[in-house]
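Student: Please take me through a close look at one part of this model, the largest pocket. I would be grateful for an account that also places it among the elements around it.

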Amino acid sequence: MPYDWDDLVANAVSRRTELRRQRLAINRREYELNASRNFLLPRLDAVGRYRYRGLGENLYDPEVPIDGEQVGSDTHEWLLGLSVTAPVGFRQAHAAVRNAQLRLSRERALMNELERQVVYGVSNAMAESDRAFEALRAALNRENAAKEQYEILSGEAQAPVRQFDFNAL
């Protein structure tokens, strides 16, 4: 019975749960690598701050109203700007990227090994199937030969036994 080898292997590789789990692990490691590469980029932050300084010249000035009315413009403070941060050498970022690359290559190697084991298992199953089919065919041939021999011998066994007359010689 011929089987389509490519179809069998494709089904085995796509349906095995450990391979699905490993593909998810590879995807996770790829995302970690992309996140690590983001640390190689300079960081740009928008900065903003507003403060109300209404205490006056002393720690507590009873002349400054608490509810904010009649307060001059010198009691408010605003700050807007951009902050750019770029570490010198990106040493930590490069180490994180290299670590993520090594983890990803480890997961891919593990995936290749798992796929190889699945294909090996399919190959063994096919060989065992062929061996079992040939053993069944041999057993059926032996059974048919035994039936034919039984029919031949049962016909002779039912025939009358010839008696030899030794005196006639």
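Tutor: A pocket is an open set of points on a 1 Å grid over the protein atoms alone, where a 1.4 Å probe fits and protein lies on both sides within 12 Å along at least five of seven lines; its lining residues have an atom within 4 Å of a point. The model is predicted, so local features need pLDDT of at least 70 and side-chain atom pairs count only at 80 or more, while totals for chains, interfaces and linings use all residues. Residues are numbered from 1 along each chain as its sequence is written, and side-chain values use heavy atoms, with hydrogens and water left out.

The lining of the largest pocket consists of Asn38, Phe39, Leu41, Pro42, Arg43, Thr85, Pro87, Phe90, Arg91, Gln92, Ala93 and Ala96. The space in this pocket comes to about 260 Å³, a volume being what probe spheres set on the grid points fill. By class, 7 of the lining residues are nonpolar, 3 polar and 2 charged. Phe39, Leu41 and Pro42 are among the nonpolar ones, whereas Arg43 and Arg91 are charged.

The main contributor is helix 3 (residues 91-158), which gives the most to the lining, with 4 residues. Helices (H or I, at least four residues) and strands (E, at least two) are DSSP runs, numbered from the N terminus. Arg91, Gln92, Ala93 and Ala96 belong to the part of the lining within helix 3. Asn38 is a lining residue at the end of helix 2 (residues 17-38), and Thr85, also in the lining, ends strand 2 (residues 76-85).

Phe90 of the lining sits in the loop between strand 2 and helix 3. Although Phe90 is not a glycine, its phi is positive, about 50°.

Helices 2 and 3 are also linked elsewhere: Arg108 in helix 3 and Glu30 in helix 2 are 78 residues apart along the chain, yet their side chains form a salt bridge (2.9 Å, N to O). Such a bridge has a side-chain nitrogen of Lys or Arg within 4 Å of a carboxyl oxygen of Asp or Glu. The structure holds 12 of them.

As for confidence, pLDDT (the predictor's confidence in each residue, from 0 to 100) averages 85 over the protein chain, and 80% of its residues reach 70 or more. Among the elements, helix 2 has the highest mean, 96, and strand 2 the lowest, 89.
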